[in-house]
Amino acid sequence: MSNSTPQPALEIIGRHSLNGEVKISGAKNSALAIMAGTLLCGDDCRLSNMPCLADINTMGQVLASLGVKIKKTGSTWEFNPRDLKAVKAPYDLVSQLRASFFVIGPILTRLGVAQVPLPGGCAIGSRPVELHVRGLQAMGANVIIEHGVVNASVKGSSGRLKGANIFLDYPSVGATETIIMAATLAEGETVIKNAAKEPEIVDLANFCNSMGAKITGAGTDTIIIQGVSRLHSTDYEIIPDRIEAGTFLVAGAITHSEILVTSINYDHLIPAIAKLEEIGCRVLREDETTLRTIPGALKASDVETLPHPGFPTDMQAQFMALLTISEGNSLVTETVFENRLRHVAELKRLGANIKVKGNSALVCGVPMLSGAPVMATDLRASAALVIAGLAADGKTIVQGLQHLDRGYENLEQKLQGLGAKIQRLPHYQP
Ligand code: EPZ
């Protein structure tokens, strides 16, 4: 009898093909940044197509702790940041959610002072924030990091940040978002060079512009922000989650199934679709917002993660699961995060043949995986283990669902809707 406390787990009976259609939710990584962006406005903001996720709730708590009034109606959240007073984000929440560090830009540019705990590292890497800090310093912020807290204040009597030319050493998504938000209410023009180009950056810029900001060039490596003195209320719809959509496309491919994935944005998925087609699964564009997977023989293909529009690091684990049963040898190289191959050991428990060297993994395709109990180590690793379980012979038990629930809305219900044999065991004891 093990002495570990019972934990929720997913039980999957593999080797069942999927069919039907699945609707994609709003994008976690867009909603998180845009929620921080509501702090820029002294008026109401309504966000629709909000995903129901643990991380979104945590960000809601961070905003509420700063004085924002929040009302939820289904997937529409109403934010009233009129009484934003507190400048310090609570450590207990920031330590749960790295993205809550994104509040530093909006608080500083709106109130002139911000105190945000360093988010610290996580399972996939050390996740430093020096590019965020350097961007704020370039706009005239005085930054002192002590006792694990980033203390930022605006120099000078105007209390406003000043526009600046900022070159990012690396096209960091988070640093680009922090600088965009800080520059929105700064005096003058800010130019970000070597900016991140992810769709979530474009969504944040579109959200700010819908409140009256002046941002151009989002989605390119040069973003220009003309600071304005104040912003007005807005109603804004969050883009679909391209990573959730990609995860379902891979679920269709690995189970050799024809499924429909709806409420997607095609352009955001081009890197993932191109790789799927290379591996042998065709993806048809059914209409503007719907894709159909057409199963085919799976063959090896090399994958190298890169900033957008390169292959997304958030899809690396799911594609590795697919390549474990694709004929031939594939080299998977993770270049964005230094510790994002932890799912390899668990995939090997399912019978995969993978050798790791540095930040690369050589995946030698095997005819079939066999079900086993496995442990998720981070968000996308958990999705990869669920996908592998759908293809494996027999029963797979996926533990560590606290990772999965951070970023996938109702994953098992959506898979059940596609005919998967999957259920959540609330009190699983290994
Ligand atoms: C965002 O993280 C996403 N998170 C990540 O998704 C995603 O993997 C990542 O972008 C890359 O696409 C959210 O949007 C909430 P980065 P972020 O700054 O902003 C280094 C998921 O699974 N770096 O582009 O933290 C950093 O350590 C999550 O949904 C510095 O060195 O990513 C990393 O190696 C995981 N200094 C690389 O850059 C800095 O100041 C990319 O990080 C900032 C980053």
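Colleague: So helices here are DSSP runs of H or I, at least four residues, numbered from the N terminus. With that settled, which residue follows α5?

Modeller: Gly140 does, and its phi is positive, near 95°. Keep in mind that this is a predicted model.

Colleague: Noted. Which residues of α5 are buried?

Modeller: α5 runs over residues 130–138. Its buried residues are Leu131, His132, Val133, Gly135 and Leu136.

Colleague: What covers them?

Modeller: The cover includes two helices, α4 and α6 (173–184). Strands β7 (141–146), β8 (149–154) and β9 (165–167) are also part of that cover.

Colleague: How about α1, is it mostly covered or mostly open?

Modeller: Mostly covered. Helix α1 spans residues 28–37, and nine of its 10 residues are buried. Among them are Lys28, Ser30, Leu32 and Met35.

Colleague: Which residues touch the most other members of the largest nonpolar core?

Modeller: Met35, which is buried in α1, is one of them. The others are Met50, Val103, Met139 and Phe207. That core has 76 residues.

Colleague: Is there a second core, and which residues does it include?

Modeller: A separate core of 68 residues exists. It includes Leu10, Val261, Leu404 and Leu418. In soluble globular proteins, nonpolar side chains tend to be buried together.

Colleague: Back to Met139. What is in contact with it, apart from close sequence neighbours?

Modeller: Leaving out residues within four places in sequence, Met139 contacts Leu161, Lys162, Ala164, Ile166, Ile179, Ala182, Ala183 and Thr190.

Colleague: Loops next. Where is Ser100?

Modeller: In the loop between α3 (91–94) and α4 (104–111).

Colleague: Buried or exposed?

Modeller: Buried. Ser100 has 0% relative accessibility, and the cut-off for buried is under 20%. Not counting neighbours within four places in sequence, Ser100 contacts Met59, Val62, Leu93 and Val94.

Colleague: On to strands. Why is β22 described as largely enclosed?

Modeller: Because four of its five residues, in the run 395–399, are buried.

Colleague: Which strands does β22 pair with?

Modeller: Strand β1 (residues 7–13) pairs with β22 in the antiparallel sense, over four bridges. Strand β21 (residues 373–375) runs parallel to β22, with three bridges joining them.

Colleague: Which residue of β22 is the bridge partner of Glu11?

Modeller: Ile397. Ile397 is also the bridge partner of Pro373.

Colleague: There's an open sheet too. What order do its strands take?

Modeller: The order is β17-β18-β20-β19, and the pairing is mixed. β17 (303–304) and β19 (353–357) stand at the edges. Each has a single partner strand, so one side of each is left without a neighbour in the sheet.

Colleague: How many bridges join β19 and β20?

Modeller: Five, and the two strands are antiparallel. One bridge pairs Val356 with Ala361 of β20.

Colleague: And Thr333, where does it lie?

Modeller: In strand β18, residues 329–333. Thr333 is buried, at 13% relative accessibility. Beyond four places in sequence, Thr333 contacts Val303, Glu304, Thr305, Asn359 and Ser360.

Colleague: Different spot. Is Ile294 buried or exposed?

Modeller: Buried, with a relative accessible area of 18%. Ile294 sits in strand β16 (residues 290–294). Glu258, Cys281, Arg282 and Leu284 touch Ile294, not counting residues up to four places away in sequence.

Colleague: How far apart are the C-alpha atoms of Ile294 and Leu249?

Modeller: 9.9 Å, with the two residues 45 places apart along the chain.

Colleague: What about Glu277, where is it placed?

Modeller: In helix α9, residues 270–279. Glu277 is partly exposed, with a relative accessible area of 36%. Arg282, Val283 and Lys299 touch Glu277, leaving aside residues up to four places away in sequence. Its C-alpha atom is 48 Å from that of Glu187.

Colleague: Last topic, pockets. How much space lies in the second largest one?

Modeller: About 150 Å³.

Colleague: Which residues line that second largest pocket?

Modeller: The lining includes Arg15, His16, Ser17, Ile254, Thr255 and His256. Pro367, Met368 and Leu369 are also among the lining residues. By class, the lining has seven nonpolar, four polar and one charged residues.

Definitions and conventions: Residues are numbered from 1 along each chain as its sequence is written. This is a predicted model: local features need pLDDT of at least 70, side-chain atom pairs count only at pLDDT 80 or more; totals for chains, interfaces and linings use all residues. Side-chain values use heavy atoms; hydrogens and water are left out. On a 1 Å grid over the protein atoms alone, a cavity is a set of points where a 1.4 Å probe fits but cannot get out, and a pocket is an open set with protein on both sides within 12 Å along at least five of seven lines; lining residues have an atom within 4 Å of a point. Grid points are joined across faces, edges and corners, and a volume is the space filled by probe spheres set on the points. Ala, Val, Leu, Ile, Met, Phe, Trp, Tyr, Cys and Pro count as nonpolar, Asp, Glu, Lys and Arg as charged, and the others, Gly among them, as polar. A nonpolar core is a set of buried Ala, Val, Leu, Ile, Met, Phe, Trp, Tyr and Cys residues joined through side-chain atoms within 4.5 Å. Buried means under 20% relative accessible area, exposed over 50%, partly exposed in between (1.4 Å probe, protein chains only). Contact means heavy atoms within 4.5 Å. Two strands pair if DSSP finds at least two bridges between them.
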